[in-house]
Amino acid sequence: LGLGLLVGIDPNTNFLFSDKKLNELENTIRNFQPTHVLWCESWLYLYHDALRGGYGFWFRNILDLHNIESQLRGQVSMTEKGVRRIVEKLRGRIMREEEGVLGDISDEVWVCSEIEKSACKSLGFLAPITVVPNKVDFSFYQNVRREGIRSFGMVGIWSYPPNARAAESLVSTVWPMVGKSVPILVG
């Protein structure tokens, strides 16, 4: 694990890349001919050939950094100890490079706050950065009535510590408050 990270191979994401998937992605882009392509994960820099285009038509590349992963890994590494801390620091460094590649080849970058916008500027992104708030307008749902059984669902990558903590909180704190008779799905 540590050696792979030292040479820029992240075992949690690099296995997702394949030449076959790159070819499928490029064929999809050629056939669909989108006007905009939204990229939402920093590890997708592995598909930067598809991002760059060259398909005979232009499309706008938008990088959605709803999380600035390199910063989050830095925060996680401060809470970890020993080898885990070193691994998280290395992952943060790799992710910073990935985000930099995507920031350089994107036409626009979306972030969730002015703080993240400043962070992207400090990373030297070349693309314009737009703040797109990541929030739920709970007032919209105040008057929504559902008949029948209520249920809760949460989808996420559980190897990512903030998602794991959120799921634990949902199960240990929220679920008892609404009643354990309410079904809950964490997947």
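**Notebook: a parallel sheet and a cavity**

I began with helix H6 (residues 114-122), which lies across S3 and S4 and runs at about 170° to S4. I note at the outset that the model I am reading is predicted.

Next I looked up the sheet to which these strands belong, and found an open sheet of four strands in the order S1-S2-S3-S4, with parallel pairing. Strand S1 (36-39) and strand S4 (129-131) stand at its edges, and because each has a single partner strand, one side of each is left without a neighbour in the sheet. I also looked up the twist: on average, and with direction ignored, neighbouring strands of this sheet are turned by 25° against each other.

I then turned to one pair of strands. Strand S2 (residues 60-64) pairs with strand S3 (residues 108-111) in the parallel sense, over three bridges. Which residue of S3 does Leu63 stand opposite? I find Val109 in that place.

My last entry concerns empty space. Rolling a probe the size of a water molecule over the atoms shows where such space is left. Searching the whole structure, I find one cavity of 30 Å³ or more, and about 40 Å³ of space lies in the largest cavity. Its lining is made up of Cys40, Glu41 and Ser42, together with Asp64, Leu65, His66, Asn67 and Glu69. I sorted the residues of this lining by character and obtained two nonpolar, three polar and three charged. Among the lining residues I marked Asp64, since residue 64 also falls within strand S2 (residues 60-64).

Terms used: Residues numbered from 1 in each chain as written. Predicted model: local features only at pLDDT ≥ 70, side-chain atom pairs only at ≥ 80, totals over all residues. Heavy atoms only, no water. 1 Å grid on protein atoms, 1.4 Å probe; cavity = no way out; pocket = protein on both sides within 12 Å on 5 of 7 lines; lining within 4 Å. Points joined across faces, edges and corners; volume = space filled by probe spheres on them. Nonpolar A, V, L, I, M, F, W, Y, C, P; charged D, E, K, R; others polar. Pairing = 2+ DSSP bridges. Helix = DSSP H or I, 4+ residues; strand = E, 2+ residues; numbered from the N terminus. Axes fitted to C-alpha atoms, helices over the stretch in contact; angles between N-to-C directions. Contact = heavy atoms within 4.5 Å.
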